[in-house]
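Biologist: Hi, could you walk me through this one? I'd like to get a feel for it before lunch.
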Amino acid sequence: MEKTIASPLEGTLKKKTIWQRLKEEKWLQLMAWMGLIWMLVFNYAPMYGLLTAFKKNYRITTPLFSLAFLKSAWAANGGFQHFINFFKDEEFVNIMVNTLGISLLKLCICFPIPIAFAILLNEVQNPRLKKYVQTISYLPHFLSWVVLGGILTTWMDDNGLFNQVLMRIGVLEKPISYLAEPKYFWFIVVFSDLWKELGWSAIIYLAAISGIDQQMYEAAEIDGASRLRQIFSITLPSIKGTVIIMFILAVGGLLNSNFDQIFVLWNPLNSERSNVIDIYTYSTAMRSMRYSYATAIGLFKSVVAFILLFLANKFTKKVNGTSLF
């Protein structure tokens, strides 16, 4: 019989066992497991607290991870009584109108403008001017809403900047306290959000634009295409995928009306138009101490956000073939 000669590479080509791989990659595995443990502790373990939404009346003195909590009484109607009470609440319609009104205005105004801003900024030929504009537009993002809320409150006071300017140019005859008028609140929230996040929101679109092959623009110039034609024929189609992904995320956050912003601008005089889901949940939990009811509202908001995200993803996948998952 012929004797087979083993190849010198045969031993190295053998499939390594999982323990061998773990030993060789121990430091990478350690970093990965640390991230996984962090996610489990801070993202998934707190989801156990959602049980309070189905309890009759949770007390903050009762530890969540205890038999007393598990044995406490469940809410009526199969645990869904708090959800039913929220739907029947006399403030429900007003809360939903305010939340969706503000969110839809932000989607219609604050979503497309950063795209246009990024495109226009990309067209600036002077590097120094471009750098200055970018820096100025980014700065408000790094200020908290507490600081910006104080600035806006001062500007919109009876003797504030807005009234002084408008009265000097003859637009107003007497000053207006804008934050005390409910009819102005939605627009104040939308445009202050645009002011704060315009430059920061444009970063991702600028990154997408920078990845476009410059030879496409050169070919378009040779063909005689103007800069406007290049924007509509090259720039926008090239960043379509990024725009669609950001749109899906924006639709998923329709019920998230930015608690920090509205909380610092809210006052009893404008509560008719500032009482959104986040403010109502905070008031219910921290002022009325109705923790189970507040948890039910928060869970309702999360479920609706997931449904909106799923529907937006399915719609864009069917229309354009681009989706988040």
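Modeller: Sure, here is a short chat about the fold and its aromatic rings.

Modeller: This is a predicted model, so local features need pLDDT of at least 70, side-chain atom pairs count only at pLDDT 80 or more, and totals for chains, interfaces and linings use all residues. Residues are numbered from 1 along each chain as its sequence is written, and side-chain values use heavy atoms, with hydrogens and water left out.

Biologist: Thanks! How many helices and strands does the protein have?

Modeller: There are 17 helices and zero strands, taken as DSSP runs numbered from the N terminus (helices H or I, at least four residues; strands E, at least two).

Biologist: And how much of the protein is buried?

Modeller: Buried residues make up 33% of the 325. Buried means under 20% relative accessible area, exposed over 50%, and partly exposed in between (1.4 Å probe, protein chains only).

Biologist: Switching to rings: how many aromatic pairs are there?

Modeller: The whole structure has 24. Rings of Phe, Tyr and Trp (its six-membered ring) pair if their centres lie within 6.5 Å; planes under 30 degrees apart count as stacked, over 60 as edge-to-face and the rest as tilted.

Biologist: What kind of pair do Y58 and Y291 form?

Modeller: Edge-to-face, 6.4 Å centre to centre with 75 degrees between the planes. Y58 sits in the loop between α2 (26-44) and α3 (67-71), and Y291 is in helix α17 (residues 291-320), 233 residues apart.

Biologist: Are those two buried or exposed?

Modeller: Both Y58 and Y291 are buried.
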